[in-house]
Structure formats: C-alpha cells, structure tokens
Amino acid sequence: MAPPSAVPGADEPWGLVDDGGLLVEDGMLRWVGPCHALPPELAERIAQQVALEGALVTPGLIDCHTHLVYGGHRAREFELRLCGASYEDIARAGGGIRATVTATRVATDAALYRAAADRAATLMAEGVTTIEIKSGYGLSEEHEARCLRVARRIARQLPVTVRTTALAAHAVPHEYAERPDAYIDAACQWLTRWQGEGLVDAVDAFCDQIAFTPAQVQRLFEAARALGLPVKLHAEQLSNQHGAALAAHFGALSCDHLEHLDDAGVAAMAQAGTVAVLLPGAYYFLRETRCPPVAALRAAGVPIALATDHNPGSAPGLSLLLMLNMACTFFRLTPEEALRGVTVHAARALGLGATHGMLRAGAAADFVLWNVGSPAELAYWFGCNPCLRVVRAGVETHQGAPS
Ligand code: NIG
Ligand code: FE
C-alpha cells in the first residue's frame, strides 16, 4: 500500500492518487485506489502487505517500437555521417540496413540472443515491463524467423512481456536487388508460415523512397489482413509517401516516426484510431530538423506514444526515460503526455490497451516505484535512473540502487 501514484488514463491531471494502494491477485491488479477506500471484503483477502514507502508508482513502461535483434553495429556509419554523408546516401550505397543484415545473417542464434537479451535487460532496469521487438535484419525466410524466435525466447527467459512484429519489408535484400515486387510476394508467403509457428503478433513495413512504395506496402497489408494480423507502419520518416493514410485504411495499430506527416494523414489516423508513435531518438541521432506535427495530432485527438526505436542505424540508444525528455525538449510534448506515451498509448500501439499501460482493476500487475516526488521528474531528469523497484505480473523483477 502506498502514496501518490500516477495512473495514466484516469481523469485527474496525471491521474494521481494520494496515499494509493494496489491489490494484486494472480498477476493482475484486483483493486487500485486511495488506501482508505479499500472495500472491507477485499481488505480481508490480503495475504501479504508491502509498504511502498512514499515512492511514486506508475504503470510498467512500454517500449512499443524496437529493433532489438541484430548482429554488429554501425559506428563506422556514424563517423561517415559526421563527415557529411547522409543516412540515405549510406543506404543507397549498400550500407545502412543491408550492412546490418550481413552481420545478422552470420551471427549465431546464441550470439543474437545474448546481445538482444542484454539490450532488453538495460531497458527493463529503467522500468520497462513490455517490449515490442521487430525482425527486419534477416530479410530471408530463414533469418527473419531466427530473429523472431530470439524475440520469443526473450519473453520465455526474461520477466518481460514481448510483442513480436514481422518487418521483412524493411529493405530489399541483395538477392532481390531491383526486384522489390518479387521480394514482397515472397514476404507474403513467409508470413503464413511464421504465423503457423506462432512467431508473429503484427506486421510492419518501411514505406519510403529508400524502402517500399505504398503499392508494395498495400500488398503486404492485404496478406496480413487475410491472416488476421494487425499492421503498423514506418511512415513519413524521411519523406511524405502518404503511407500513414494507407496504414490507417487498414486499421493500423500505429504509424511510427511521422516527421513528414500531412493533414490528410493526421485525419486518416484520427478516424481509424491509429496511434502516432514518435521516435525522438531517431530524430536526434539523424539530426533531423523537421518535427512531427504534434499540434495537429493533438487537435485531431490522435493518441501519441513514444518509443526508443532502438536499432544500430538511426537510434542506438537504450533509455526509454531519455525519450520522455527528448520528446518534451524537441517535440514540445508535456511531461504528462510523454508519460502517457510510454504507458497507456504505447499499450494501445501494441493492441494491449485493455490490459496494459494503466493501473486499474483487471489490468496486468505491472508497475514501477520511482525515487521522485512528482511525475514530471520522470521527463525532467536525464542521464540518471530513478527506478527503485519493478513488479511485473505481480512479481518483483528488479531492484535499483538503494537511495
Ligand atoms: O526505425 N526507418 C527504418 N528503420 C529503422 C532504422 C533501421 C536502420 O538504420 O538500421 C528506424 O529508424
Ligand atoms: Fe524503427
């Protein structure tokens, strides 16, 4: 039982509950509210009481867009960009995503797992209890499946909820050079088999001049729809391809990046209930200057989420809390919007809106205790980790350094 807690989704600003308590049963929240209001019939059921000692409590954080499974790194490309090469120049010259594909294909399953599990553990130490993990660096049936299996293994071996996303349509691999349509045809076939093996929770694509056209994305989304798989899209990151409107037409869970999103795209997302996932780490690392249209998204009532986009090319960072700070400083989100962006709205971007990202009866008992006095501090501090304790599915999974 404990003090002020932030419950994104509640009506009050921040959804703060003073002297709050959480009743956990079978990994779920059975009751949440001010301690004095706990109904006596529920009080009788308490088998064990834990004092939360004045800590702020939030839902477990959700990183709803990561590319956690890959081999190698791209520090050399970072150096090249510092000498003036652009991200697109490097990609067109065969570097970029394709360089990581080469490194991923030669990595063993064990090496891919070890590196991805270490990355997941770093995120989890900051209060992350749910992670979306995309494939996208295998780009063949075998290697994409290997990466998706690594993601599933993380869910089995670490105390974290994982949602997998098949991102075979991330780039055209060299075997299909100049034949992107044939590659999309192949990827549509792979989806059926991956789904049969239980490897896929959603389907994603990269819609851009250096990746796939809207027409190609549409064919992939039709295959996903035929399999009953939800879709999401890397949309309008480097240019406006009108991908967000296309994705919204397919009822996409989310469109991600969105620096070049236009008004028609905003309207289509609002109508479809598609979440806008903003990725300030990629904006920062690629030294973008054009911000996503936050005011238009807000005005249209599009839910805004935030994620690390962890990947070796455009966002090699592993701090979701830093994304809160960057979203406020770069994109002018309020700290409250930023916290909702990694809780309630991030859950929705993964199709987990009914069970995750909120502290309320019936939700998963995923929550974090923070060594801060007010929730705005979660977006304010950077380069430090105020996470005290993490509980996931009712079980304590992490204790930070004692304060
Ligand atoms: O989300 N935009 C496409 N995909 C990744 C970057 C991939 C890479 O550069 O390796 C992203 O930014
Ligand atoms: Fe991404």
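## A β-α-β unit to start from

Strand β10, helix α9 (residues 243–249) and strand β11 form a β-α-β unit of right-handed sense. This is a predicted model, and the unit is a handy place to begin a tour of it. The two strands of the unit, β10 and β11 (residues 254–257), run parallel and are joined by four bridges. Within that pairing, K232 sits opposite S254 of β11, while A235 has H257 as its bridge partner in β11.

Which way do the side chains of β10 point? K232 and H234 face one way, L233 and A235 face the other way, and all are buried. Two of the residues named so far, H234 and H257, come back below: H234 at the iron ion and H257 at ligand 1.

## The sheet around β10

The pair β10 and β11 belongs to an open sheet of four strands, ordered β10-β11-β12-β13 and paired in parallel fashion. Its edge strands are β10 (232–235) and β13 (304–306), each of which pairs on one side only. From one strand to the next, the twist averages 25°.

As a general reminder, strands of a sheet pair through backbone hydrogen bonds, in either a parallel or an antiparallel way.

## A second open sheet

There is another open sheet of four strands, with the order β6-β7-β8-β9 and parallel pairing. Here β6 and β9 (202–205) are at the edges; each has a single partner strand, so one side of each lacks a neighbour in the sheet. Neighbouring strands of this sheet are turned against each other by 25° on average, direction ignored.

At one end of the strand order, β9 runs parallel to strand β8 (residues 161–169), and three bridges join them. One cross-strand pair to look for is A169, which stands opposite A205 in β9.

## The iron site

Which residues hold the iron ion (ligand 2)? Its protein donors are H65 (NE2), H67 (NE2), H234 (NE2) and D309 (OD), at 2.0 to 2.2 Å from the ion. Along the sequence, these donor residues follow the spacing H-x1-H-x166-H-x74-D. The pair H65 and H234 links distant parts of the chain: H65 is in the loop between β6 (61–63) and α2 (75–82), H234 is in strand β10, and 169 residues separate them.

Are these donors buried or exposed? H65 counts as buried because its relative accessibility is 0%. H234, at 3% relative accessibility, is therefore also counted as buried. D309 is in the loop between β13 and α13 (320–331), and its 1% relative accessibility is why D309 counts as buried. The backbone of D309 deserves a look as well: its phi is near 60°, a positive value in a residue other than glycine.

## Around ligand 1

Ligand 1 has 15 residues around it, and those that come nearest are R74, Y87, Y137, Q237 and S314. For Y87, a polar side-chain atom is 2.4 Å from an oxygen atom of the ligand. H257, the residue bridged to A235 in the first section, has a polar side-chain atom 2.9 Å from an oxygen atom of ligand 1.

D309 takes part here too: an N or O atom in its side chain is 2.9 Å from an oxygen atom of ligand 1. D309 is thus also a contact of ligand 1 besides being a donor of the iron ion.

R74 is located in the loop between β6 and α2. Its relative accessible area is 7%, so R74 is buried. The side chain of R74 also makes a polar contact, at 2.6 Å, with the side chain of T100.

## Contacts of R105

Helix α4 (residues 97–106) contains R105. What does the side chain of R105 reach? One partner is the backbone oxygen of G138, at 2.9 Å. Another is the side chain of E175, with which the side chain of R105 makes a polar contact of 3.0 Å.

## A loop residue with positive phi

D26 is in the loop between β3 (20–25) and β4 (28–34). Its phi is near 50°, a positive value in a residue other than glycine. Is D26 buried or exposed? D26 counts as exposed because its relative accessibility is 75%, whereas D309, whose phi is also positive, is buried at 1%.

Conventions:
Residues are numbered from 1 along each chain as its sequence is written. Chains are lettered from A and ligands numbered from 1 in the order in which they are written. This is a predicted model: local features need pLDDT of at least 70, side-chain atom pairs count only at pLDDT 80 or more; totals for chains, interfaces and linings use all residues. Side-chain values use heavy atoms; hydrogens and water are left out. Two strands pair if DSSP finds at least two bridges between them. Axes are lines fitted to C-alpha atoms, for helices over the stretch in contact, and angles run from 0 to 180 degrees between N-to-C directions. Buried means under 20% relative accessible area, exposed over 50%, partly exposed in between (1.4 Å probe, protein chains only). A crossover is right-handed if, with the strands pointing away from the viewer, the path from the first strand over the helix to the second runs clockwise. Donors are N, O and S atoms within 2.8 Å of the metal (3.2 Å for Na, K and Ca); water is not among the atoms, so sites may look incomplete. A residue is near a molecule or strand if one of its heavy atoms lies within 4 Å of it. A polar contact is a pair of N or O atoms within 3.5 Å; within protein, one must be able to donate a hydrogen and the other to accept it, and residues adjacent in sequence count only if both atoms are side-chain atoms.
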